[in-house]
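User: I'm new to this structure and would like to learn how to read its features. Could you take me through them?

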Amino acid sequence: MLQVVKCPLCLEPYREPKVLACFHSFCKSCLERQMDDSCAEKIVCPQCRVETQLSIQLGIESLLTDYGLESVMTRQNLSDDKGLIFGSPSSTSSSPPLIEPPSYDQNSNKNSSCTGCKSGELASAFCQDCTHFLCANCTLAHQYMHCFEGHRVDQLSQEDAAALAAAFAEKTACKCIQHRSQPLRYFCLTCNLAICMECTQVDHVQPTHQYELISDVADKQMAVMETLVQDARLKHSELLETYKMVDAAQNRLSCSLTRAHQNVDDATQTLIRIIEDNRRQIIKDLDNAYGAKQLQLTVIDKKVQQMAEKLAQTIEFTSRLVKYAAPTEVMVFKQLLHTRLQVYFSFNPDSNNILQTTCELDFPPLNPNVARQQIISIMGLVRGASEWPQGTMSSANTGMPPAPIGRPASRQLTRPVAATSGTLPINNFSDSNLIRPKNEYGGSSQSLGTFVTVDNGFSNQYEKWSMGLEPANGLQLAESPDLDLEKNMGISNLYPPRAQIKRQKMIYHCKFGEFGVMEGQFTEPSGVAVNAQNDIIVADTNNHRIQVFDKEGRFKFQFGECGKRDGQLLYPNRVAVNRLTGDFIVTERSPTHQIQIYNQYGQFLRKFGANILQHPRGVCVDSKGRIIVIECKVMRVIIFDMFGNILQKFSCSRYLEFPNGVCTNHKQEILISDNRAHCIKVFNYDGQFVRQIGGEGITNYPIGVGINYAGDIVVADNHNNFNLTVFNQDGTMISALESKVKHAQCFDVALVEDGSVVLASKDYRLYLYRYQSSGTTTAGAAVTTNSPK
């Protein structure tokens, strides 16, 4: 059963179908509309984005006609003319069904027979509208059937039939692309090409080239094609089986990764429990040793105090006696006093020499290197990766000759091939425009040349790197993608070596806050944001509240209290501001994992996400009021509207290691700071990875990222000092700064309009540092971050 085939561009039946190098077919007029006026040498397939080279002189005319599709359309038109309906009129498939095309023998008299039916009777008439020769029965059908009403039917004599048959055959014959007026009558066995008479005299001259009439070799060559199709079907089946194997391997790999993660977590928790038990035992031993020593010292202390009191009393009595009594009276007590004092003089409170021994407790400090080696030895190494092949994997096109859609521009023979060969020699196409490099392509009439997939090279390199592959060497496994990050990602071309980066010093011009539960005090300032009025909003996590200060650090108001009811907060860890409405967006960590919305006065509006979010780590609001939340552990981005409806969500587990901050730019891109990957990963709103900014040695352990009003990207990290690195949107580094004051650990940062950055530190204070970007003091939009704990 034939199908109604339609062009996928115009959704109409094909008109003059032309085939591209990728074997996708389209109407000639549709392809002409797809042509780019600035580049007439090539056309990009609208379906698969593969390029096809065109002749500069001929353009679309240099493309080959899809003869199989034309035959399908001819048969369909014939069936329609007879009032029959075939297939589904809604089909838009660009690939016609595999059917046997109508045979045509130029040397026979078949074209004088009826072409309107299958009877094979001689034609006695010709329909100018159907362009078919008609037998007596078809002529009768044209006279009485409604579907043929208005058709112009001419009666033919034998001479007229022969003349029309010859003209019809001449019109429908396949023409040579190079000599466009000549029909294709011969087949060159040397080049595997259909040629015309002029080709045999110019490019395919015997005896260098062997050619025969197409009618003589048609059966044999068609059998070769059938064999190739069968082999292709077998190869296709093999590829489908390989696809299933790859899919199963990916599933096994994913499951093994989950199991390995679980094993690592279990081993880590076991080690933590063992260390905790050991810690308690050591603390107990220390306490026991301390108690025993303390008891001994207490006994000595008590004896000393008692003897000191007795001796003091004796001294006082004797001094008074000697001073005020007569000698005879003194002599009365001499023996008693002498004996008592001798006892006191012989008193030794530390008869066991306890005070001569050490009175300190000591526990040797941990050697980190030894401990690390011991932990590695205990937990073991990853098994499986060492078994993977280290050689270069061949690409999909390796060793495959291009499909001979276009005619070669020259016919220089590189290796003779037997006429009976059923396969295409690779070298025969070495000089064809089909595989010729673009810089060598000229104005030949042979158009179908080199075709390559239009894609982003940097994105492909990143995909290879993210899978542990070396982009410079095809699909070769790299030993350490983390160590080779700068080379694989091309970062070395964007940034100077780390030894050459000179960071400017910056000092804070304001600080406020202290430990406590009162106004202006914090127990854990985990999140910070800045609104349009440059007020500083702080998420005071362990106090279960949000505090608001002006840009000078003066307290304004606070909202929230511990609880799960509306208006109550439970461990708020991040805060962002919708600059369009002034609303506060607050995320809560375990156990609630939800988002709460408050207006600019701190009044509760709504909450959502408790059944969706798992580990919210960063939050921001874009220019359209959409809430973007990045989750750690599950490595996922979820986009909400202001009412809690999910607009989009996607996984980033392939690219992220420990996301902790997020912001957006004017290009509808999402920038995520990755603490453990030492860089910023950029995605679009559909979840596709776009590029990377920064890298190890440039942005070590970033804690946040933001966009200032100049459009520059500001990255904050807490490696050694509090560092700021400024990039443009292309990822080129503009400036680098560092604080004079060292901070033990930083929680969060936010940009202020006056060119300052607010830093929330673990010492329960907030610091304001001033920075410059591109020679101007500018600052920016919403930014939320987090540092690892």
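User: Is Ile375 buried, partly exposed or exposed, and why?

Analyst: Start with the scale: buried means under 20% relative accessible area, exposed means over 50%, and partly exposed lies in between (1.4 Å probe, protein chains only). Ile375 has 40% relative accessibility, so it counts as partly exposed. You'll find Ile375 in helix H8, which covers residues 368-379. Helices here are DSSP runs of H or I with at least four residues, strands are E runs of at least two, and both are numbered from the N terminus.

Keep in mind that this is a predicted model: local features need pLDDT of at least 70, side-chain atom pairs count only at pLDDT 80 or more, and totals for chains, interfaces and linings use all residues. Residues are numbered from 1 along each chain as its sequence is written, and side-chain values use heavy atoms, with hydrogens and water left out.

User: Which residues form a nonpolar patch with Ile375 on the surface?

Analyst: A patch takes residues with over 30% relative accessible area and no salt bridge, joining nonpolar side chains (Val, Leu, Ile, Met, Phe, Trp, Tyr) within 5 Å and like charges within 9 Å. Here Ile375 is joined by Val264, Ile378 and Met379, and together they have about 340 Å² of accessible area. Such areas come from the Shrake-Rupley method with a 1.4 Å probe, and for residues only the protein chains shown count as cover. Helix H8 gives the largest share of the patch, three residues.

User: And where do nonpolar side chains tend to be in general?

Analyst: In soluble globular proteins, they tend to be buried together. A nonpolar core is a set of buried Ala, Val, Leu, Ile, Met, Phe, Trp, Tyr and Cys residues joined through side-chain atoms within 4.5 Å. The largest one in this model has 19 residues, and Tyr14, Leu20, Leu31, Ile43 and Ile60 have the most contacts inside it. Strand S2 (25-27), helix H1 (28-34) and helix H2 (67-81) each supply at least two residues of this core, with the largest share, three residues, coming from H2. Across the protein, buried residues make up 41% of the 789 residues.

User: How many salt bridges are there?

Analyst: The general idea is that side chains of opposite charge can pair when their charged atoms come close. The rule is a side-chain nitrogen of Lys or Arg within 4 Å of a carboxyl oxygen of Asp or Glu, and by that rule the count is 19. Take Arg589 and Glu524, whose closest N and O atoms are 3.4 Å apart. This pair links distant parts of the chain, 65 residues apart. Arg589 is partly exposed because its relative accessible area is 24%, whereas Glu524, at 10%, is buried. In another case, Asp622 and Arg626 come to 2.7 Å between their closest N and O atoms, and both residues are buried.

User: How do strands S19 and S20 pair?

Analyst: Two strands pair if DSSP finds at least two bridges between them. S19 (residues 545-549) and S20 (residues 555-559) run antiparallel, with four bridges, and Ile546 stands opposite Phe559 in S20. Their hairpin has five residues between the strands, and Gly553 takes a positive phi near 90 degrees there. There's a salt bridge to look at too: the side chains of Arg554 and Asp550 meet at 2.9 Å, N to O. Arg554 counts as exposed at 53% relative accessibility, while Asp550 is buried at 16%.
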